[in-house]
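Me: I would like a close look at one part of this model, followed by an account of what lies in the rest of the chain. Please keep to geometry and contacts.

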Amino acid sequence: MRCSLNILDIIMNILSIVYGIIASLSLRGRKMNLGLNDIINIVIGVVFIGLSIPLFFRWKKLNGKVIIADQQWSTMRILFLVVGVLSVLSMFTQGASMSMFDIFRLTGTIIAVSVYMVVRDGVGEDGLVTGGKMIPWSEVRAYDYEKRKNVIAVFFTVESQNEKKPDDYRSKELDFSLQDEEQLKRFLETNLGRKYTRMKKNSK
């Protein structure tokens, strides 16, 4: 399953330092009278704020460059939206009992969810936007598309970014709304017409 904005890679990189943060806070927490719940709130807040920073700069860099955006409600977007809604609801359920660490966690979560929701993959004049990165059309070797029940899926074969493995091509899949089908086909024909190749795709 395609993961927009390489979000899982970003999360894993951030979580790689979480253990150290928890250990450090646990030691200091004894001196500051921090409970386990406070420490968890701090860690979650730091993770989500750390996640939102690269997402924000990617959005700022690519804002306006996507002409045809991908399908808004992917699985990952729905998951993030649910996290955001639950965070907002927790503000009402906790009410006056919320600590400043609860507020820190909720603020970090809401910021990260908001930034993620406005960052979109898609195609533009300069290339393919996926994972918060612009891939120039010159680096796309081939493409194909498949019409499904609710979306039109477009498959791209992209040049390797590893100089030591020039033949290590990457595959990207973007799902677009059926309403954009004709415009999308014309756009791909204009920018990648000679690179259209029938590809073997896994049925869904």
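The part I have in mind is helix 6 together with the sheet it lies across.

Reply: The model is a predicted one, and every value below was computed from it. I begin with the sheet, add the helix, and then turn to the other elements.

The sheet in question is open and has 3 strands, in the order 5-6-7, with antiparallel pairing. Its edges are strand 5, residues 140-147, and strand 7, residues 170-177, each of which pairs on one side only. Between neighbouring strands of this sheet the average turn is 20°, ignoring direction. As background, the strands of a sheet pair through backbone hydrogen bonds, and the pairing can be parallel or antiparallel.

Strand 6 covers residues 151-158 and runs antiparallel to strand 5, to which 7 bridges join it. The two make a hairpin, with 3 residues between strand 5 and strand 6. Two of the pairs can be named: D144 stands opposite F155, and Y145 has V154 as its bridge partner. In general, side chains along a regular strand alternate between the two faces of the sheet.

Helix 6, residues 181-192, lies across strand 5, strand 6 and strand 7. Its direction is at about 15° to that of strand 6. In the order of elements from the N terminus, a run of β elements leads up to a final α.

One residue of helix 6 deserves separate attention, namely L192. Is L192 buried or exposed? Its relative accessible area is 2%, and buried means under 20%, so L192 counts as buried. Leaving aside residues up to four places away in sequence, L192 touches W137, V140, Y143 and F156. V140 and Y143 fall within strand 5, whereas F156 falls within strand 6. The contact with W137 is a long one in sequence: L192 and W137 are 55 residues apart along the chain, yet their C-alpha atoms are 7.3 Å apart in space.

That contact can be set against a figure for the whole chain. Among contacts between residues at least 6 apart in sequence, 68% join residues at least 24 apart. The chain has 204 residues, 41% of which count as buried, and it contains 6 helices and 7 strands.

The remaining strands form another open sheet, of 4 strands in the order 1-2-3-4, again with antiparallel pairing. Strand 1 (68-69) and strand 4 stand at its edges with a single partner strand each, so one side of each has no neighbour in the sheet. Strand 3 (residues 127-130) and strand 4 (residues 133-136) pair over 4 bridges, in the antiparallel sense. Among the bridge partners are P136 for G127 and M134 for V129. Strand 3 and strand 4 also form a hairpin, with 2 residues between them, and G131 in its turn has a positive phi of about 65°.

On the helical side, helix 3 spans residues 36-62. Its 27 residues should cover 39 Å at 1.5 Å a residue, because the expected span counts one less than the number of residues; the end C-alpha atoms are 39 Å apart, which agrees. Buried residues of helix 3 include I39, I42, V43, V47, F48, L51 and L55, along with D38 and N41. After helix 3 comes G64, with a positive phi near 90°.

Helix 5, residues 100-118, packs against helix 3 at an angle of about 25°, the axes being 7 Å apart. Angles under 35 degrees count as roughly parallel, and helix 3 and helix 5 are therefore roughly parallel to each other. Their crossing is left-handed.

Helix 5 also meets helix 4, residues 75-94: the axes come within 9 Å and cross at roughly 150°. Since the limit for roughly antiparallel is over 145 degrees, helix 4 and helix 5 are therefore roughly antiparallel to each other. This crossing, too, is left-handed. The residues making the contact include F80, L81, V83, V88 and M91 of helix 4, and L106, I110, V113, Y116 and M117 of helix 5. R77 of helix 4 and D102 and R105 of helix 5 also belong to the contact.

To return to the part you asked about: helix 6 lies across strand 5, strand 6 and strand 7, and L192 is buried while touching W137, V140, Y143 and F156.

Conventions. Residues are numbered from 1 along each chain as its sequence is written. This is a predicted model: local features need pLDDT of at least 70, side-chain atom pairs count only at pLDDT 80 or more; totals for chains, interfaces and linings use all residues. Side-chain values use heavy atoms; hydrogens and water are left out. Buried means under 20% relative accessible area, exposed over 50%, partly exposed in between (1.4 Å probe, protein chains only). Two strands pair if DSSP finds at least two bridges between them. Axes are lines fitted to C-alpha atoms, for helices over the stretch in contact, and angles run from 0 to 180 degrees between N-to-C directions. Contact means heavy atoms within 4.5 Å. Angles under 35 degrees count as roughly parallel, over 145 as roughly antiparallel, 65 to 115 as roughly perpendicular and the rest as oblique. A crossing is left-handed if the near helix is turned anticlockwise from the far one by less than a right angle, and right-handed if clockwise.
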